[in-house]
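Trainee: Could you take me through one part of this model in detail? I would like to understand how its aromatic rings are arranged.

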Amino acid sequence: MERKILLTDCPDAQGLIAKITNICYKHQLNIIHNNEYVDHSTGQFFMRTELEGIFNDETFLMDIDQALPAGSHRNLVDTSRRKRVVIMVTKESHCLGDILMKAYDGSLDVDIAAVIGNHDKLAALTEKFDIPFHFVSHEGLEREEHENQIIDIIEGYEPNHIVLAKFMRVLTPNFVARFPRKIINIHHSFLPAFIGARPYHQAWERGVKIIGATAHFVTNDLDEGPIIDQNVKHVDHTFSAEDMVKAGRDVEKTVLSNALSQVIEDKVFVYGNKTVIL
């Protein structure tokens, strides 16, 4: 028996759920789990259906296509194939370390193909998990020349997704265009109020009461791509700037690994500049 996930994204229409589930029954596929959502403001329908059985992908999808309205998108995902990711880093270890440990203990079901850093500080940590580390210094290189070296390495691994685990360089439109909707980033939620260097120190100076983090897909608009996951932590006047940095790092690593988990489990639909998580 195989397990696959049917992802459906289409204009809403009467009886869609019945049509899709009846086709699953016709093909003798057991529905393990099903979630659906309708955006009533735009009339768009989303459905994620976990299936088990013996699949004939071609005839099954042909039947699905005939049942769906014009302008539909559907995809049948084989869950037996683990997603591959390449992680990009600079110097901070908390997000990388969290993903490495969760992948190691199985709580994050992902194949980490490689880690790429523009500094070599995290090479030893990466290699403890028997994962290759590629040091690609940006010193003395034009931005696109540096990125082209990284792109060559990434494409050699053929990853499903690229994770920016505190990679502290802005990507060019050329890089983003090579990997559309495949790059996941994490940033502190103070943007744009606390932009630039030392954001937690800026937050401390303003006496903020909540700190947080946002994981999102990367687009050409800096830190404004479709949001995948967010979380916050309450702080108060007793927190020093260093305390806020520590608390912020805890939120960042949790949000990034949660976002990666949702993406690799095919729970994320990108819709305009938003996401639907099912």
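Mentor: Happy to; here is a walk through the aromatic pairs, with a look at one helix contact afterwards. Keep in mind that this is a predicted model. Across the whole structure, a search turns up five aromatic pairs. In one of them, phenylalanine 46 and phenylalanine 269 have ring centres 5.5 Å apart and planes at 65°, and since an angle over 60 counts as edge-to-face, that is the class of this pair. This pair joins distant parts of the chain, as phenylalanine 46 sits in strand 3 (residues 44-53) and phenylalanine 269 in strand 12 (residues 268-271), 223 residues apart. Phenylalanine 46 is buried, at a relative accessible area of 0%, and phenylalanine 269 also counts as buried, at 7%. These two residues belong to one aromatic cluster with Tyr37 and Tyr271.

Now compare another pair: the rings of phenylalanine 175 and phenylalanine 179 have centres 5.3 Å apart, and their planes meet at 55°, so this pair is tilted. Phenylalanine 175 is buried with 0% relative accessibility, and phenylalanine 179 is buried with 7%.

Finally, the helix contact. Helix 7 (residues 199-206) packs against helix 8 (residues 241-264) at an angle of about 125°, their axes lying 9 Å apart; the two are therefore oblique to each other. The crossing is right-handed. Helix 7 contributes Tyr200, His201, Ala203 and Trp204, while helix 8 contributes residues including Met244, Val245 and Arg249. By character, the residues of this contact are six nonpolar, two polar and three charged.

Notes: Residues are numbered from 1 along each chain as its sequence is written. This is a predicted model: local features need pLDDT of at least 70, side-chain atom pairs count only at pLDDT 80 or more; totals for chains, interfaces and linings use all residues. Side-chain values use heavy atoms; hydrogens and water are left out. Axes are lines fitted to C-alpha atoms, for helices over the stretch in contact, and angles run from 0 to 180 degrees between N-to-C directions. Helices (H or I, at least four residues) and strands (E, at least two) are DSSP runs, numbered from the N terminus. Angles under 35 degrees count as roughly parallel, over 145 as roughly antiparallel, 65 to 115 as roughly perpendicular and the rest as oblique. A crossing is left-handed if the near helix is turned anticlockwise from the far one by less than a right angle, and right-handed if clockwise. Contact means heavy atoms within 4.5 Å. Ala, Val, Leu, Ile, Met, Phe, Trp, Tyr, Cys and Pro count as nonpolar, Asp, Glu, Lys and Arg as charged, and the others, Gly among them, as polar. Rings of Phe, Tyr and Trp (its six-membered ring) pair if their centres lie within 6.5 Å; planes under 30 degrees apart count as stacked, over 60 as edge-to-face and the rest as tilted. Buried means under 20% relative accessible area, exposed over 50%, partly exposed in between (1.4 Å probe, protein chains only).
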